[in-house]
Amino acid sequence: MSNITPIILCGGSGTRLWPLSRKSFPKQFVPLIGSKSLLQLTLERVSFLSKNVICVASDEHRFLVVEAMQAAKVQGTVLLEPVARNTAAAMAIAALAVKAEDLLLFCPSDHHIPDGEAFAHVVKQGVAAAQVGAIVTFGISPTFPSTAYGYIRQGNIRADGAFNVEGFAEKPAKDKAEALLLTGAALWNGGIFLCSAQTLLSALGQHAPDILQTCQQSMSASTTDGGFVRPDRQAFEACRSESIDYAVMERHTNVAVLPFVGAWSDVGSWNAVADLIQADTQGNRIYGQGFALQANSTYVHAPHRPVVVLGTQDLLVIDTPDALLVAASSHVEQVKQVVARLDAENISESVQHRKVARPWGAYDSVDVGERHQVKRITVRPGAKLSLQMHHHRAEHWIVVKGMGLELPWNVKANGTLRYRLSDNYERFTPGWSNMPQVRTHIAEYMTTSRVTLENLSISKTNRLGANWYGAAYAGYFENMFGGVGGEVLYREPGSRWAAGLDVNHVKQRNFAQDFGFRDYAINTGHLTGYWITPFEGVHTSLSVGQYLAGDRGATMSIQKVFANGSSISAYATKTNVPAAVFGEGSFDKGIAWMIPFDAFLTSSSRYSAGWSWKPLLRDGGAKVGRPVNLFADTVWLSPNVKAHAPAKPDNDSVAPDDRLEPYQRKR
């Protein structure tokens, strides 16, 4: 049996299901059946035939299509129509995108067929007819004389097992529909077709050559962007809009039909949606938080809040966050006219939901005022908000669920972050990581205690030998980590080069900054090389090793020390953890500024204290804030420092070689 490629036609605005379905978010993308959209259910259904599909959709909905494909676990290509030109053009560009001999199954994206295996079985029965050049359509066995569907008149059986089509009838009046059912040979037109690409293109060339020509021109100048194929816009716009029924099917001779006797719905009206739900003893059908009291034959769609109907009869109540529809069941076919009226009045709710889908997720405009807007933003794991710049906007973000991994500080659920006017939120991406959270937003470390322990540590430094220096330290090193560690440094007097090694075992401190620790512990270590540049007060360093998150990599930094002891530094870190594993990715950069208090004094002191600002702390590549830095403590060995007489030690019996030389500020 030849392979079948499903072609899913994802166009259509779905205005008959307003206010749930709108132009920006039509019914095929709405989670209408349980938590799944009709498109996802369609893709799952055709996956019984093939896991490789082609979807034809508008550019506006491309990411919604990709999301549905991922949810249905299928793969394939998305053909993006530059403008809507109905089913004839959509099917033509799909046929032009494959080999001529390929069998194609064209399916609407917004129909509901619960039994996917039964559907696949009937489709396979049509392969023989399609292979000999027929266009095979699949008719639905009717259950009542519907005036909302077109009909197919079934003829004699063919040698290939299908039936000839004697004709089509477009949405008949009630008496005509009743007469068609009485013949026993009438089927609802399901709009599903199976044929080879060559068969369809030949039929278009015979009955609608202008449509075929413009589609050929458009596809010959198409471009490919990842999994998206974009036909040429100018050529496609020149194509006339026509359905495949009018353009080909009603005029073609070699058309076959196979009946499908399973459950089917085109979900084309609110009555059709209501029929998908089991009725209670009074004929009421409830979806969501609806309540029916003393009501009969009433449908309530209330997914967001309680909606109560009292004493109603033959009524439809459709509630959404920003629009409400109350209609008699007999008037559902006129909902399309309601949408047209609202659109003419420039009512945005006619085409736009309060919740707007975006490539990275969606946003919901919870509240809008003259000078403010409140949005609930949902970002898919691994996605990234679009790059924007605002010169006159202040933003306050609150992460209520999940985790933001690429903010200047890492923000977990319930963390907050305020942005300045010049800040940009393009780097905010949620997701999950198997890396430990070693840095978090400073709000997590806030406490109601009047007294906090920022840091408390002890250290011992010694000269270990000629040009060798060592230090050991223990305690609470910073507001986030504490532990024990040691460092050795090799540095020759007057040399511009030095090398050091530090090893630490640290644990994460309690958020309250008390004496306790959390469960997270890690061993870190770095090998660092230092270079004192010819520029006064400027030195650089390069270190490699393991960081606080267990990631490994390298950090390059540059620091400028001013005459009064203040310093400013910048760094860049590259680690071995990719963004797919650790949301911040493997590259980071930041700055720091340190001002010693005695920089404002007129004379030096043997004791020092200072204020430091390190605005960019991260998980990947983060180092513990160590209390001892032997390179800084041996600054008197630098070639640019004019050495002064060493300070006299407190105990004259202590040999100079048994202690580090005192820090001498250059004057």
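Two strands are taken as paired if DSSP finds at least two bridges between them. On that footing, the predicted model has an open sheet of four strands, E14-E15-E16-E17 in that order, with mixed pairing. Strand E14 (285-293) and strand E17 (324-328) sit at the edges with a single partner strand each, so one side of each has no neighbour in the sheet. Direction ignored, neighbouring strands here are turned by 25° against each other on average. At the E17 end, strand E16 (residues 313-319) pairs with E17 in the antiparallel sense, and five bridges hold the register. Within that pairing, leucine 316 lies opposite alanine 327 in E17.

A step back to the whole chain helps place this sheet. The chain has 667 residues, and 46% of them are buried. Its secondary structure adds up to 13 helices and 34 strands. As for contacts between residues at least 6 apart in sequence, 59% link residues at least 24 apart. The accessible surface comes to about 33,500 Å², with carbon and sulfur atoms accounting for 54% of it.

Further along the chain there is an open sheet of three strands, ordered E18-E19-E20, and here the pairing is antiparallel. Strand E18 (355-358) and strand E20 (373-379) are its edge strands, each pairing on one side only. From one strand to the next, the twist averages 20°. Strand E19 (residues 361-368) runs antiparallel to E20, and the two are joined by seven bridges. Alanine 362 faces threonine 378 of E20 across this pairing. As a general point, strands of a sheet pair through backbone hydrogen bonds, either parallel or antiparallel.

Strands E25, E26 and E27 give two more antiparallel pairings. Strand E25 (residues 456-465) and strand E26 (residues 468-476) pair antiparallel over nine bridges, with serine 459 set opposite tyrosine 473 in E26. The hairpin they make has two residues between the strands, and asparagine 467 there takes a positive phi near 70°. E26 also pairs with strand E27 (residues 481-491), again antiparallel and over nine bridges. In this second pairing, alanine 471 stands across from glutamate 487 in E27.

On the helical side, helix H3 (residues 86-96) packs on helix H7 (residues 197-207), the axes lying 9 Å apart at an angle of about 135°. H3 and H7 therefore count as oblique to each other, and their crossing is left-handed. H3 brings Ala88, Met91, Ala92, Ala95 and Leu96 to the contact, where they meet Ala197, Leu200, Leu201 and Leu204 of H7.

What do the buried residues of H7 pack against? Those residues are Ala197, Thr199, Leu200, Leu201, Ala203, Leu204 and His207. Their partners include H3 along with helix H8 (209-220) and helix H10 (244-249). Strands take part too: strand E6 (103-108), strand E7 (135-140) and strand E10 (186-196) also pack against the buried residues of H7.

Closer to the N terminus, glutamine 40 belongs to helix H1 (residues 38-46). Is this glutamine 40 buried or exposed? Its relative accessibility is 12%, and buried means under 20%, so glutamine 40 counts as buried. Leaving aside residues up to four places away in sequence, glutamine 40 touches Ala68, Ala71 and Ala72.

Methods:
Residues numbered from 1 in each chain as written. Predicted model: local features only at pLDDT ≥ 70, side-chain atom pairs only at ≥ 80, totals over all residues. Heavy atoms only, no water. Axes fitted to C-alpha atoms, helices over the stretch in contact; angles between N-to-C directions. Buried < 20%, exposed > 50% of the residue type's maximum accessible area, 1.4 Å probe, protein only. Contact = heavy atoms within 4.5 Å. Areas by Shrake-Rupley, 256 points an atom, 1.4 Å probe, with all protein chains shown as cover. Parallel < 35°, antiparallel > 145°, perpendicular 65-115°, else oblique. Left-handed = near helix turned anticlockwise from the far one by under 90°.
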